[in-house]
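Biologist: Could you take me slowly through the surface of this protein, and in particular through the places where nonpolar or charged side chains gather on it? I would like a connected account that also says how those places sit within the chain.

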Amino acid sequence: MFGNNFSSVDTDKIAWTKADTYSYTDDVTRIGAGFAASVGYAADTFDVDAVFKLPSQHAWGAGLYADFKGVEGLTVAAGFTYGKRSEYDYIDNDASTAASAKVVATAPAFTALAADLRLFYQLSDPLLVGVQAKYSQYKADDADAETAAEAVLTAQYAFNDMLSFQLDGGLYLRDLDDNDEKAAAENYVLVRPAVELAASKSARVQVAGELTAAINGGDADEVNASATKLKVQVPVIFRVQL
């Protein structure tokens, strides 16, 4: 399930991480650790954070995130990320060991992006409702794009300081484009009721039930396709604040 908040960065600050370097046996120097920069702006009704990352010399990523809080009781968060990796050659250590010789492999180029929107509204002191939606895309060069989307409705009700209830219902389309023309249960509906009990000020226990029903299962030749048509789980989470 979604979390209720985006990862935040310190506003009005820029941070850099210096990279180390390393070389393969071909004596080509490459970045072994990347650079990252972030900057943020905070106002009375909104916050904006921008992040840029260079995890290696062949890849980069950027993100823009915003929180809006101009309406009493309403929280809106939106984010967009984009990343790209270029094609490059590398030494395949496992293959080189097996072949007793240096084996050069090629990592393919790809792009990836995601957009995320979350709205939460405090209807009353004990009742919070929300909707969350996400779209993502991954595309390797010379290949069709793989797309996914999900939408989740959530409601949280606090009976008192000790006991609360949450109900989430979501539609998860992990194979939105269906360009593989397979029905391997990649698309499903998930319903998750949960009860959380505060055992003390620093310890909480959450017991939940998860019901997952596939909406595109059925291909007998696909791994686990029939097994994931209907799945029930009961996760238990114990939280302790130190």
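Modeller: What follows looks at the surface patches, and then at the residues and salt bridges around them.

Please keep in mind throughout that this is a predicted model. The protein chain holds one helix and 17 strands, and of its 242 residues 28% are buried. Its accessible surface comes to about 15,100 Å², with 57% of that belonging to carbon and sulfur atoms. Among contacts between residues at least 6 apart in sequence, 44% join residues at least 24 apart.

The nonpolar patch on the surface is formed by Tyr-157, Phe-159, Phe-165, Leu-167, Leu-171, Val-189, Val-191, Val-195, Leu-211 and Ile-215, which together have about 800 Å² of accessible area. Two elements, strand E12 (163-173) and strand E13 (187-198), each give two or more residues to this nonpolar patch. Leu-211, one of the patch residues, is found in strand E15, which covers residues 210-214. Because its relative accessible area is 39%, Leu-211 counts as partly exposed. Ala-214 also lies in strand E15, but at 18% relative accessibility Ala-214 counts as buried, since the cut-off for that class is under 20%. The C-alpha atoms of Ala-214 and Glu-186 are 7.3 Å apart in space, although the two residues are 28 apart in sequence.

Met-162 belongs to the loop between strand E11 (146-158) and E12, and with 41% relative accessibility Met-162 is partly exposed. Leaving aside residues up to four places away in sequence, Met-162 touches Glu-196, Leu-197 and Ala-198. Its C-alpha lies 7.4 Å from that of Ala-199, a residue 37 places away in sequence. Glu-196, one of the residues that Met-162 touches, forms a salt bridge with Arg-204, in which the closest N and O atoms are 2.7 Å apart. Of these two partners, Glu-196 is buried at 14% relative accessibility, whereas Arg-204 is partly exposed at 27%.

The charged gathering on the surface is a patch of negative charge made by Glu-87, Asp-89, Asp-141 and Asp-142. Asp-89 lies in strand E7, residues 88-91, and is partly exposed, with a relative accessible area of 40%. Asp-142, by contrast, is found in the loop between strand E10 (127-140) and E11, and its relative accessible area of 85% makes it exposed. The backbone of Asp-142 deserves a remark as well, for its phi is near 60°, a positive value in a residue other than glycine. Most residues other than glycine have a negative phi.

Elsewhere, charged side chains are paired, and the count for the model comes to five salt bridges. One of them joins the side chains of Lys-69 and Asp-47, at 3.3 Å from N to O. This pair links distant parts of the chain, 22 residues apart, with Lys-69 in the loop between strand E5 (59-68) and strand E6 (74-85) and Asp-47 in strand E4, residues 46-56. Lys-69 is partly exposed at 42% relative accessibility, while Asp-47, at 19%, is buried. Another salt bridge connects Asp-116 with Arg-118, whose closest N and O atoms are 3.0 Å apart, and here both residues are buried.

Definitions and conventions. Residues numbered from 1 in each chain as written. Predicted model: local features only at pLDDT ≥ 70, side-chain atom pairs only at ≥ 80, totals over all residues. Heavy atoms only, no water. Patch = residues over 30% accessible without salt bridge, like charges linked within 9 Å, V, L, I, M, F, W, Y side chains within 5 Å. Areas by Shrake-Rupley, 256 points an atom, 1.4 Å probe, with all protein chains shown as cover. Salt bridge = Lys/Arg side-chain N within 4 Å of Asp/Glu carboxyl O. Helix = DSSP H or I, 4+ residues; strand = E, 2+ residues; numbered from the N terminus. Buried < 20%, exposed > 50% of the residue type's maximum accessible area, 1.4 Å probe, protein only. Lys, Arg positive; Asp, Glu negative; His and termini not counted. Charge placed at Lys NZ, Arg CZ, Asp CG, Glu CD. Contact = heavy atoms within 4.5 Å.
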